[in-house]
Amino acid sequence: MEIEVGLLRESDLPAALRLKELAQWNQTENDWLRLLRLEPSGCFCARIDGDLVATTTTTTYGRELAWIGMVLVDPKRRQLGIATKLMHVAIESLTKAEIKTIKLDATPAGRSVYENLGFKEESLIERWEGIGGARAVACTTLDSAARSEALALDRHAFGAERSKLIEMLIEDSCVAPLVATAADGRLTGYALARQGSAAVYVGPLLATSADAATTLLDGLLSQVSGQRVYLDINTSFEGGRKILTERGFVKQRDLIRMFYGKESKAGSSPSVFAIAGPELG
């Protein structure tokens, strides 16, 4: 049985979506398209007898950092080493591009695969689920005037250049993107949300304080009242779990953030309340 590895193309998305649905993940076709547009030469798939049976994507943030995501294998084709083969291709591609640090958010089931490839545990990300609801909160919409300041805040807080991604997520937001400001007018956070296949996905949400994070989260939740909401919290954000618990959110599962190459705090700053997505960091 020959396993063929090649680039993932837009024409492969129906087959990729099938794998995503089998895994019961929340990503949509638009999420796949975004990954392909960000890194057209960095998204890979495996085929057996012409059928797409596995995927892996990479997203680069300058030379400092890259993210691996959407590691999916057809359940009928597991235990054949396909995920490991695709990961070797992804790592080789990023190494040739001289990326210093590679990260990913692993499910507990996939953790051993990545450890065997040389990835090391860095921190814990948690998936929480809740329901949107109206709250009395004064929020400011992220308009064109605030966009450059929000991108600058993201570069500083996230620790790598990902303005292209954030611009795309702003355009794809299913609610009004929000910002929080201090009394002196200084930007203290921003928040986005997008539509998923099973729930509205809140993230990224970056804030320099718990108060700013609370304001932003309430502002987003008030726009999706009654809808199911997913949020992947960076557990390094102080008080994050308390904020979610007070709003009726319940923890669903763990994700293990892992790194390969140079140790780096990029992506795991304590100013990151909610990540952009397991496939994006």
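The chain carries eight helices and 13 strands, and its radius of gyration of 18 Å is close to the 19 Å that the globule rule gives for 281 residues, so the chain is as compact as a globular protein of that length. The structure is a predicted model, and every value below should be read in that light. Taken along the principal axes, the C-alpha atoms fill a box of roughly 65 × 40 × 30 Å.

**The chain as a whole**

Of the 281 residues, 54% count as buried, and the accessible surface comes to about 12,200 Å², of which 47% belongs to carbon and sulfur atoms. When contacts between residues at least 6 apart in sequence are considered, 75% of them join residues that are at least 24 apart. The charged side chains number 33 positive and 36 negative, and the centres of these two sets lie 2 Å apart.

**Four residues in their settings**

The table sets out where four residues lie and how accessible each of them is.

| Residue | Place | Relative accessibility | Class |
|---|---|---|---|
| Glu 29 | helix α2 (residues 29–38) | 43% | partly exposed |
| Thr 101 | strand β5 (residues 101–106) | 1% | buried |
| Ala 134 | loop between β6 (120–131) and β7 (140–141) | 65% | exposed |
| Ser 268 | loop between β12 (250–261) and β13 (272–274) | 9% | buried |

Thr 101 counts as buried because its relative accessible area is 1%, against a cut-off of under 20%. The side chain of Thr 101 reaches the backbone oxygen of Lys 262 at 2.7 Å, and Lys 262 also appears among the contacts of Thr 101 beyond four places in sequence, which further include Glu 64, Leu 65, Ala 66, Phe 259, Tyr 260 and Ser 264.

Ser 268, although placed in a loop, is likewise buried, at 9% relative accessibility. The side chains of Ser 268 and Glu 122 are joined by a polar contact of 2.4 Å. Not counting residues up to four places away in sequence, Ser 268 touches Glu 122 together with Lys 103, Ser 123, Asn 234, Ser 236 and Arg 257.

Ala 134 also sits in a loop, but with 65% relative accessibility Ala 134 counts as exposed, because the cut-off for that class is over 50%. Leaving aside neighbours within four places in sequence, Ala 134 is in contact with Ser 222 and Ser 225. From Ala 134 to Ala 213, which are 79 residues apart in sequence, the C-alpha to C-alpha separation is 16 Å.

Glu 29 belongs to helix α2 and is partly exposed at 43%. Apart from neighbours within four places in sequence, Glu 29 is in contact with Leu 13 and Leu 17. The C-alpha atoms of Glu 29 and Gly 267 are separated by 25 Å, with their positions 238 residues apart along the chain.

**Helix α6 and its cover**

Which residues of helix α6 (residues 163–172) are buried? They are Ser 163, Leu 165, Ile 166, Met 168, Leu 169 and Ile 170. An α-helix has 3.6 residues a turn, so residues three or four places apart point the same way. The cover over the buried residues of α6 includes the helices α2 and α5 (144–158), and it also includes the strands β3 (51–61), β9 (187–195) and β10 (200–207). Helix α2, which takes part in this cover, is also the helix in which Glu 29 is placed.

Note on methods. Residues are numbered from 1 along each chain as its sequence is written. This is a predicted model: local features need pLDDT of at least 70, side-chain atom pairs count only at pLDDT 80 or more; totals for chains, interfaces and linings use all residues. Side-chain values use heavy atoms; hydrogens and water are left out. Helices (H or I, at least four residues) and strands (E, at least two) are DSSP runs, numbered from the N terminus. The radius of gyration is taken over C-alpha atoms; the globule rule is 2.2 Å times the number of residues to the power 0.38. Buried means under 20% relative accessible area, exposed over 50%, partly exposed in between (1.4 Å probe, protein chains only). Contact means heavy atoms within 4.5 Å. Accessible areas come from the Shrake-Rupley method with a 1.4 Å probe; for residues, only the protein chains shown count as cover. Lys and Arg count as positive and Asp and Glu as negative; His and the chain ends are not counted. The place of a charge is taken as NZ of Lys, CZ of Arg, CG of Asp or CD of Glu. A polar contact is a pair of N or O atoms within 3.5 Å; within protein, one must be able to donate a hydrogen and the other to accept it, and residues adjacent in sequence count only if both atoms are side-chain atoms.
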